[in-house]
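This report describes how the helices and sheets of one protein model are arranged. Please keep the sequence and the structure in view while reading.

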Amino acid sequence: EELRAAATAFVAPLQPEAAAAVVVLPERLQRREAERQQGVERQRQKKEAQVVKEEQSEFFVAAFAREREAVEALLAAGPLEEAAARLQGLQKLLTESVRFLAPYEVRQGQEAVARLQGDLAARRQQLQPKKKFAFRALKKEAAPGSEPRPAEPARPAAAAAAAAAPAPGRGPAEGEPGGPPLCGFSGAEDEELELGPAELLQRDVVLSELRGCRVRLRGNANTLRVRDCRGCTVLCGPVSTSALVDGCSDCLLVLACQQLRTHRTRDSRFYVQVTSRAVIEDCTKVSFAPYTWSYAGIERDFESSGLDRSRNNWNLVDDFDWLATDKPSPNWSLIPEQERISCWD
C-alpha cells in the first residue's frame with residue numbers, strides 16, 4: 001500500500017504536462033496540414049489559370065491569323081471599305097487580348113496590324129485618280145516701264161509640312177508616288193503649330209524633328225507618329241488606332257489612342273487615354289498620368305474615333321526591356337497626383 005501511494009505521488013505531477021503535449025501536438029499537425037492544403041490549392045489554381053491562358057492564347061493566334069488573311073485578301077482584290085472594317089476588327093481583337101498574351105505575341109500582333117495599315121493606305125493612294133498632265137505657261141517678260149509683280153512670299157517650312165510630312169525615317173511626302181496620305185509638321189523650331197478637325201479626319205499624322213514646339217491637334221486622326229522631337233509639347237485629340245513615339249526626349253505628350261508604343265525615348269511625360277496597354281522599349285525616365293486635355297468638339301471626335309472613353313489603362317505599361325515580374329520596372333513611373341497638369345490653356 002505504501003509503495004502504491006509513492007508511485008501515485010510520483011506520476012501525478014507528470015500528468016498535466018503529458019496532457020498538454022497531447023493537446024499541442026495535434027494543433028501543430030493541424031496547422032501543417034492546413035498550410036499544405038492551402039499550398040495544394042494555390043498550385044491547382046495556378047495550373048488552371050495557366051491552362052486557361054494557354055487556351056486563350058491558342059484561340060487568339062488562330063482567330064488573328066484567320067482575320068489577317070481575310071484583310072490581306074480584301075486588300076489584294078476586294079473593296080477597301082470592307083478591308084478597313086475588318087482591319088478595325090483585327091485591331092480590336094488584339095487590344096482585347098493583350099491582358100493574356102505574352103509580350104512577344106503582342107509585338108507580333110502590333111507589327112502585323114501596322115503593316116496592314118500601311119498596305120491599306122498605299123492601296124488607297126494607288127486608287128486615287130491621277131492628276132491630268134498640263135503644260136505650264138512660260139513666264140512672260142515684263143513689259144518695259146511696267147511695275148514688276150511682287151514675288152509670292154515663301155511658304156514657312158512648318159506650314160508646308162502640315163500639308164505633306166515625311167514618313168518616319170524614309171517615305172515620300174503626301175502626293176508623291178507610292179506614299180500613303182500624311183499630314184503633320186517637320187523641322188520646325190520654337191513655333192506654335194496647329195491642325196483642326198477637317199485637316200485631321202482619319203489622316204495619318206507625322207510630327208518629326210521638331211524643337212521646342214507646342215503642337216495642338218484638334219480632331220480625329222487615324223494614326224500618329226512622333227519622331228525625333230526635343231523639348232516639345234504635343235496635345236492630341238483621339239487617334240482611332242495607334243500612336244508611336246520614337247526617339248524623343250524632354251517632351252510632354254497628351255494622347256488618346258487604342259494602342260501606344262514608345263521606343264528610344266527619355267525624360268518625357270505622357271498623359272494618356274489608351275484602351276489597350278502602353279508598350280515601352282529602350283526607354284528611360286518616362287512617366288504616365290491620365291488624359292486631361294479637352295477642347296470644343298472633343299466628344300464628337302471621340303465618337304468618330306470609336307474609342308471607349310470609359311476604358312483607360314493609362315497606368316498599365318509593358319516594358320519590353322524589363323522581364324522581372326516581382327519588381328517594378330525602373331524605366332517608367334506614375335506622375336504623382338499633386339504634380340499632374342489639369343489646365344492646358
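## Helices and sheets

Helix α3 (residues 80-97) and helix α4 have axes that come within 11 Å of each other and cross at roughly 165°. Because angles over 145 degrees count as roughly antiparallel, α3 is roughly antiparallel to α4. Axes here are lines fitted to C-alpha atoms, for helices over the stretch in contact, and angles run from 0 to 180 degrees between N-to-C directions. Helices (H or I, at least four residues) and strands (E, at least two) are DSSP runs, numbered from the N terminus. The model is predicted: local features need pLDDT of at least 70, side-chain atom pairs count only at pLDDT 80 or more, and totals for chains, interfaces and linings use all residues. Residues are numbered from 1 along each chain as its sequence is written, and side-chain values use heavy atoms, with hydrogens and water left out.

The crossing of α3 and α4 is left-handed, a term used if the near helix is turned anticlockwise from the far one by less than a right angle. Residues in contact have heavy atoms within 4.5 Å. Among the residues that meet are Leu80, Ala84 and Leu87 in α3, and Val106, Gly109 and Gln110 in α4. By class, the contact of α3 with α4 has ten nonpolar, four polar and two charged residues. Nonpolar covers Ala, Val, Leu, Ile, Met, Phe, Trp, Tyr, Cys and Pro; charged covers Asp, Glu, Lys and Arg; the others, Gly among them, are polar.

Strands of a sheet pair through backbone hydrogen bonds, either parallel or antiparallel. Two strands pair if DSSP finds at least two bridges between them. The table introduces two open sheets.

| Strand order | Strands and pairing | Edge strands |
|---|---|---|
| β1-β3-β5-β7-β9-β11-β13 | seven, parallel | β1 (182-186) and β13 (317-319) |
| β2-β4-β6-β8-β10-β12-β14 | seven, parallel | β2 (192-195) and β14 (332-334) |

In the sheet that starts with β1, the twist averages 10° from one strand to the next. Helix α4 (residues 103-127) packs on this sheet, touching strands that include β3 (204-208) and β11, and its direction makes about 105° with that of β9. Strand β11 (residues 278-281) pairs with β13 over three bridges in the parallel sense, and Ala278 stands opposite Val317 in β13.

In the sheet that starts with β2, neighbouring strands are turned by 20° against each other on average, direction ignored. Six bridges join strand β10 (residues 266-274) to strand β12 (residues 284-290), again in the parallel sense. Ser268 has Val286 in β12 as its bridge partner. Helix α7 (residues 298-305) lies across β6 (233-238), β8 (252-257) and β10, and runs at about 65° to β6.

Note on methods: Angles under 35 degrees count as roughly parallel, over 145 as roughly antiparallel, 65 to 115 as roughly perpendicular and the rest as oblique.
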